[in-house]
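Colleague: Got a minute to walk me through this one? I'd like to go from the whole chain down to the details.

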Amino acid sequence: RRKLPDYNTIDDAVRLLRESKNVIVLTGAGISTSLGIPDFRSKDTGLYSKLEHLGLSDPQEVFDIHVFREDPSIFFSIAKDILPTEKKYSPTHGFIKLLQDKGKLLTNYTQNIDNIEANAGVLPENIVQCHGSFATATCVKCEHKVSGDAIFGEIKAGNVPECNACRQIIEADALKPQGLKRKRSSNGGQKDRKEFEDSSDEEDYEIPTPGVMKPDITFFGEDLPDEFGRRLIHHDRELVDLVIVIGTSLKVAPVAEVPGILPRDIPQIYISRTPVSHTGFDIDLLGDCDVVVSELCRRAGWDLKHHMIPVD
Ligand code: OAD
Ligand code: ZN
């Protein structure tokens, strides 16, 4: 992407903010680090630098759907570290809310799964959670859905949460005489009790277990929510007049492609500690994002609120 000539300085950024009416804010883990939630790729503090003990060939495998299906305990051994807990939010979340209050927020595309935008009062209709969130969880076997809090206790304890709906079916089944004889459907027909007892090949028989409850976050190998592409391409692309990307390394597709998909004449601002080279932003405001947005608001004459300590 080639830079637009007219936008260079922080005051240009302030002018853009004041004049814009339809801002896309694209966020990543960097906007929550000031709340004590680690990002993923920062060298010593990021989650991925702390996963060597798991013995994965690539730490991103903790969010790989194939690995999860094979062994969900790997994900649940770290899930407690990224679980949203207290109702706090950073100045940067407050900044997104402020854009909403001023009627300027078109959409906040967030890659974050911490749901903290909601703590700041950003309305659900203004947010696309590109990588899902912990707000709900779904059984991998029967697709039973529960509210996220229903499994937070298990997650915090480092356990693999199991599906209650599956468990009820299994328990009801076990009361029936034929329950014991259920076998893998791939093996087709039924064997009678005698064969079951005689069989030395125990693997032939499925011991019924409840499905695992998987938080509805988008793992590598899973599709993003439909709303992501639908809203971006068929709605926002026509309307957007300013793009602000905050606290993301833009290393994960397809979100990383968003700046390149938007019309070339729309100015783009990048706010983060670390510059990115692969996308040409018009204005790079490098530093702590809370400090940067506070300064932008100060210069714009806007009153920025935040709650670094829990709201309730
Ligand atoms: P990354 O960890 O890749 O990038 C976070 C960026 O924010 C880095 O550039 C940091 O330098 C910067 N940063 C950290 N703290 C900051 C602060 N206080 N102020 C300003 N900048 C700060 O995280 P994401 O880009 O969000 O996906 O990662 C994208 C996706 O990769 C995640 O959604 C996750 C991960 O794998 C899934 O889990 C599916
Ligand atoms: Zn189930």
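What follows is a back-and-forth about the core and the elements around it.

Colleague: Before we dig in, what share of the protein chain is buried?
Modeller: Keep in mind that this is a predicted model. The protein chain has 11 helices and nine strands. Among contacts with a separation of 6 or more, 69% link residues 24 or more positions apart. Of the 312 residues, the buried share is 47%.

Colleague: Which element gives the most residues to the largest nonpolar core?
Modeller: That core has 31 residues, and Phe95, Ile244, Ile269 and Ile271 touch the most other members. Elements giving two or more residues include α1 (10-19), β1 (23-27), α4 (91-101) and β7 (242-246). β8 (268-272), β9 (283-286) and α11 (289-300) are on that list too. The top contributor, with six residues, is α11.

Colleague: And how many residues are in the second, separate core?
Modeller: Val62, Phe63, Ala79 and Ile82 are among its members. Its size comes to 29 residues.

Colleague: Let's look at β7. Which of its residues are buried on the side opposite Leu242, Ile244 and Ile246?
Modeller: In a regular strand, side chains alternate between the two faces of the sheet. For β7, five of its five residues are buried, and both faces are covered. With Leu242, Ile244 and Ile246 on one side, the other side has Val243 and Val245.

Colleague: What stands opposite Ile244 in the pairing of β7?
Modeller: β7 pairs with β1 in the parallel sense, over five bridges. The residue opposite Ile244 is Val25.

Colleague: On to β8: which residue there is the bridge partner of Ile246?
Modeller: β7 and β8 run parallel and are joined by four bridges. The partner we want also has contacts further along the chain, including Leu285, Cys289, Val292, Val293 and Leu296. In β8, Ile246 is matched with Ile271.

Colleague: Now α11. How far apart are its end C-alpha atoms?
Modeller: The helix has 12 residues, and at 1.5 Å a residue it should span 16 Å. The model agrees with that expectation, because the end C-alpha atoms are separated by 16 Å.

Colleague: What arc do the buried residues of α11 cover?
Modeller: Cys289, Asp290, Val292, Val293, Leu296, Cys297 and Ala300 are the buried ones in α11. They sit on the same side of the helix, because the arc they cover around the axis is only 165°.

Colleague: So what do those buried residues pack against, and which residues are exposed on the other side?
Modeller: The buried residues of α11 pack against α1, α4, β7, β8 and β9. Exposed on the other side are Val291 and Arg298.

Colleague: Which residue caps the N-terminal end of α11?
Modeller: Look for a side-chain oxygen 2.9 Å from the backbone nitrogen of Asp290. After the helix comes Gly301, with a positive phi near 75°. The N-terminal cap, though, is Asp288.

Colleague: Last one: is Ser294 buried or exposed, or something in between?
Modeller: Ser294 is in helix α11. Leaving aside neighbours within four places in sequence, Ser294 is in contact with Pro91 and Leu304. Its C-alpha atom is 35 Å from that of Val62, 232 residues away along the chain. Its relative accessibility is 31%, so Ser294 counts as partly exposed.

Key:
Residues numbered from 1 in each chain as written. Chains lettered and ligands numbered in written order. Predicted model: local features only at pLDDT ≥ 70, side-chain atom pairs only at ≥ 80, totals over all residues. Heavy atoms only, no water. Core = buried A, V, L, I, M, F, W, Y, C linked by side-chain atoms within 4.5 Å. Buried < 20%, exposed > 50% of the residue type's maximum accessible area, 1.4 Å probe, protein only. Contact = heavy atoms within 4.5 Å. Pairing = 2+ DSSP bridges. Expected span 1.5 Å × (residues − 1). Arc of directions from axis to C-beta. Polar contact = N/O pair within 3.5 Å; in protein donor to acceptor, adjacent residues only side chain to side chain.
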